[in-house]
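Visitor: I am new to reading structures, and I would like a careful look at a single topic, the pairing of charged side chains. Please take me through it slowly, with the terms explained as we go.

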Amino acid sequence: AEHGGDAEALKAPLQARVVVSGPALAAVPAAHMVRLAKAASNTKVLSECVIGPIAGAAANSIGTWPMESVAELLLVVATADGNTKPVATTPGAKKLFSRADEELAHRLKTEKLDLAVLLKVVIGAAAAAGQSRKMLEAAAQQAIVHVKEMTSDQVMLLTQGVLPLGASHPVVDALLRHW
């Protein structure tokens, strides 16, 4: 999948491997899960059958993952399109966003993260704002501190990402004043 190939032919064996693996999939290292999710996101067929189960398995250990890997997976899950529906609406994705919200909001308040990682978390969390509001707020509050260092494209991404917080939220207000 990472190098092209016939996605439809890979669908059944990957579904069997990923879906049936269940708890064993959670033992796969974070970097490998992110790499598989990214590769699967290149085609709608693979996105639909692979990314949801990866997200569900990752949810069990997301609190121990490096923030860079968390940000990458959140972004992939949030932006991948399945064949019939967005991947972010799958049960595995919903579980990931919910667990990430519980586990990572505190880490985002205490760990200093690279701006690129913060923006990935904001965009990923924004896609599931109903389940990831605490995480979105924490990442947005950390990112807003760096708004003067951001390019206009980065400020635009941040602005789009925080809109689910609502116009009266202090971060949204600060960004709108920045513009």
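**Salt bridges, pair by pair**

Guide: With a relative accessible area of 35%, Asp 173 counts as partly exposed, a class lying between buried (under 20%) and exposed (over 50%), computed with a 1.4 Å probe on protein chains only. The model is predicted, so local features need pLDDT of at least 70 and side-chain atom pairs pLDDT 80 or more, while totals for chains, interfaces and linings use all residues. Residues are numbered from 1 along each chain as its sequence is written, and side-chain values use heavy atoms, with hydrogens and water left out.

Asp 173 forms a salt bridge with Arg 177, their closest N and O atoms being 3.1 Å apart; the term requires a side-chain nitrogen of Lys or Arg within 4 Å of a carboxyl oxygen of Asp or Glu. Both residues lie in helix α9 (residues 170-178), four residues apart, which is about one turn. Helices here are DSSP runs of H or I with at least four residues, numbered from the N terminus. An α-helix has 3.6 residues a turn, so residues three or four places apart point the same way. Arg 177 counts as exposed, because its relative accessibility is 61%.

Helix α7 holds a pair with the spacing of four residues, namely Arg 133 and Glu 137, whose side chains meet in a salt bridge at 3.6 Å, N to O. Arg 133 is partly exposed at 34% relative accessibility, and Glu 137 is partly exposed at 22%.

Another salt bridge joins the side chains of Lys 120 and Glu 72, at 2.2 Å from N to O. Since Lys 120 lies in helix α6 and Glu 72 in helix α4, this pair ties together parts that are 48 residues apart in sequence. Lys 120 is partly exposed, at 25% relative accessibility, whereas Glu 72 is buried, at 15%. Both residues also belong to a network of salt bridges in which they are linked with Lys 38.

The surroundings of Glu 72 deserve a last look. Helix α4 is mostly covered, with ten of its 13 residues buried, and these include Glu 72 along with Val 70, Leu 73 and Val 76. Among the elements that cover the buried residues of α4 are α2 (30-40), α6 (115-127) and α7 (133-144). The pairs described here are among the six salt bridges that a search of the whole structure finds.

Note on methods
Helix = DSSP H or I, 4+ residues; strand = E, 2+ residues; numbered from the N terminus. Contact = heavy atoms within 4.5 Å.
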